[in-house]
Amino acid sequence: MAIERTFSILKPDATRRNLTGAINAKFEAAGLRIVAQRRIHMTRAQAEKFYEVHAARPFYGELVEFMTSAPVVVQVLEGENAVAKNREVMGATNPENAAPGTIRKEFAVNMGENSVHGSDSLENAAIEIAQFFKPEEIVG
Ligand code: GDP
């Protein structure tokens, strides 16, 4: 297995409830190192661009509203098989279907307000990381 980097967001429902430390503890316990991290308030343009693959979906407007409703924490996570490992630690999109011990099972409010984003492929990870971080901001 290779060392990979993946892109992560702690979403507004997590920052509102002061869950950033608890979620980061889950990443670190799973062997994912936080090699870049910044708290931002996403602009509408940033959220629309980030989720443009979902632009035709009925929940797109709600998703953009949610992601711009409060600060988020954008992150780069590094580790063995980081993309798949992060998806495993996050759990299923809908918290009702998420496995016990996963972030979404423990913390998500519902399908939309589900506490975390994680890249779904190595290719998308590189694209998403580049949207929010300059190479020199990532210290592995
Ligand atoms: P993910 O990769 O597990 O985050 O899931 P997707 O790529 O399918 O969806 C992206 C994000 O859109 C999810 O994490 C949710 O925040 C949101 N989302 C997905 N499906 C729904 C839905 O049916 N309703 C609402 N409100 N939000 C949704």
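This report covers the salt bridges and the ligand site of a predicted model.

## Salt bridges overall

Side chains of opposite charge can pair when their charged atoms come close. The structure holds six such salt bridges. Three of them are described here, each with its place in the chain.

## Arg5 and Glu78

The side chains of Arg5 and Glu78 form a salt bridge, with 2.8 Å from N to O. Arg5 belongs to strand 1 (residues 3–10) and Glu78 to strand 3 (residues 72–80), so the bridge ties together parts that lie 73 residues apart in sequence.

The two partners differ in exposure. Arg5 is partly exposed, at 33% relative accessibility. Glu78 has 16% relative accessibility. That value is under 20%, so Glu78 counts as buried.

## Arg38 and Glu137

A second salt bridge joins the side chains of Arg38 and Glu137, at 3.0 Å from N to O. Arg38 sits in strand 2 (residues 33–40), while Glu137 is in the segment after helix 7 (122–132), so this pair ties together parts 99 residues apart in sequence.

Arg38 is partly exposed, with 27% relative accessibility. Glu137 is also partly exposed, at 31%.

## Arg44, Glu48 and Glu65

The side chains of Arg44 and Glu65 meet in a salt bridge of 2.3 Å, N to O. This pair links distant parts of the chain: Arg44 is in helix 3 (residues 44–50) and Glu65 in helix 4 (residues 60–67), 21 residues apart.

Arg44 has 41% relative accessibility and counts as partly exposed. Glu65 is partly exposed too, with a relative accessible area of 44%. The pair does not stand alone: salt bridges with shared partners join Arg44, Glu48 and Glu65 into one network.

## The ligand site

The ligand occupies the space of the largest pocket. Residues from several points along the chain surround the ligand, including Lys11, Tyr51, His54, Phe59, Glu62 and Leu63. Arg87, Thr93, Arg104, Met111, Gly112 and Asn114 are also among the surrounding residues.

Oxygen atoms of the ligand have polar partners in the protein. A polar side-chain atom of Arg87 lies 2.9 Å from a ligand oxygen. Gly112 uses its backbone: one of its N or O atoms is 2.9 Å from an oxygen atom of the ligand. Asn114 brings a side-chain N or O atom to 2.9 Å from a ligand oxygen. Taken alone, the ligand exposes 550 Å², and the protein buries 80% of that area.

How values were computed. Residues numbered from 1 in each chain as written. Predicted model: local features only at pLDDT ≥ 70, side-chain atom pairs only at ≥ 80, totals over all residues. Heavy atoms only, no water. Salt bridge = Lys/Arg side-chain N within 4 Å of Asp/Glu carboxyl O. Helix = DSSP H or I, 4+ residues; strand = E, 2+ residues; numbered from the N terminus. Buried < 20%, exposed > 50% of the residue type's maximum accessible area, 1.4 Å probe, protein only. Near = heavy atom within 4 Å. Polar contact = N/O pair within 3.5 Å; in protein donor to acceptor, adjacent residues only side chain to side chain. Areas by Shrake-Rupley, 256 points an atom, 1.4 Å probe, with all protein chains shown as cover. 1 Å grid on protein atoms, 1.4 Å probe; cavity = no way out; pocket = protein on both sides within 12 Å on 5 of 7 lines; lining within 4 Å. Sits in = over half its atoms within 2 Å of the grid points.
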